[in-house]
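Here is a short report on a predicted model. Look over the sequence and the structure first.

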Amino acid sequence: MTKRTFILAAILLGAAALVVVGVIQGQPGQVLSKAINICLECVGLG
């Protein structure tokens, strides 16, 4: 395994771990809620 491959694998594993932590904490629901509010404000309904 080259050094570059090792670094890329470490970054990928770190990103996956952070995604799992975010899902466990309920972050996707909060992000969706904020996205909906922003879209409604852009259209002029919010």
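## Nonpolar patch

Leu 32, Ile 36, Leu 40, Val 43 and Leu 45 make a nonpolar surface patch of about 510 Å². One of these residues, Val 43, sits in helix H2. Is Val 43 buried or exposed? Val 43 is exposed, because its relative accessible area is 64% and the cut-off for exposed is over 50%.

A general point helps in reading such a list. An α-helix has 3.6 residues a turn, so residues three or four places apart point the same way.

## Overall build

The protein chain holds two helices and zero strands. Its C-alpha trace spans about 55 × 20 × 5 Å along the principal axes.

How much of the chain is buried? Of the 46 residues in the protein chain, 2% are buried. The chain exposes about 4100 Å². Carbon and sulfur atoms supply 74% of that area.

## Helix H1

Helix H1 covers residues 3–24, which is 22 residues. At 1.5 Å a residue, H1 should span 32 Å. The C-alpha atoms at its ends are 32 Å apart, so the expected span and the model agree. Just after H1 comes Gly 26, with a positive phi of about 85°.

## Helix H2

Helix H2 takes in residues 27–43, a run of 17 residues. What span should H2 have at 1.5 Å a residue? The expected value is 24 Å. The end C-alpha atoms of H2 lie 25 Å apart, which agrees. Gly 44 follows just after H2 and takes a positive phi of about 100°.

Val 31 also belongs to H2. Val 31 counts as exposed because its relative accessible area is 53%, and over 50% is the cut-off. Val 31 and Gly 14 are 17 residues apart in sequence. In space, their C-alpha atoms are 21 Å apart.

## Cysteines

How many disulfides does the model have? The count is zero. A disulfide is a covalent bond between the sulfur atoms of two cysteines. The count here requires a pair of cysteine sulfur atoms within 2.5 Å.

Why is Cys 39 not bonded to Cys 42? The cysteine sulfur closest to that of Cys 39 is in Cys 42, at 6.3 Å, so the gap is too far for a bond. Seen from Cys 42, the closest cysteine sulfur is that of Cys 39, also at 6.3 Å and too far for a bond. Cys 42 is exposed, with a relative accessible area of 65%.

Key
Residues numbered from 1 in each chain as written. Predicted model: local features only at pLDDT ≥ 70, side-chain atom pairs only at ≥ 80, totals over all residues. Heavy atoms only, no water. Helix = DSSP H or I, 4+ residues; strand = E, 2+ residues; numbered from the N terminus. Expected span 1.5 Å × (residues − 1). Buried < 20%, exposed > 50% of the residue type's maximum accessible area, 1.4 Å probe, protein only. Areas by Shrake-Rupley, 256 points an atom, 1.4 Å probe, with all protein chains shown as cover. Patch = residues over 30% accessible without salt bridge, like charges linked within 9 Å, V, L, I, M, F, W, Y side chains within 5 Å. Salt bridge = Lys/Arg side-chain N within 4 Å of Asp/Glu carboxyl O.
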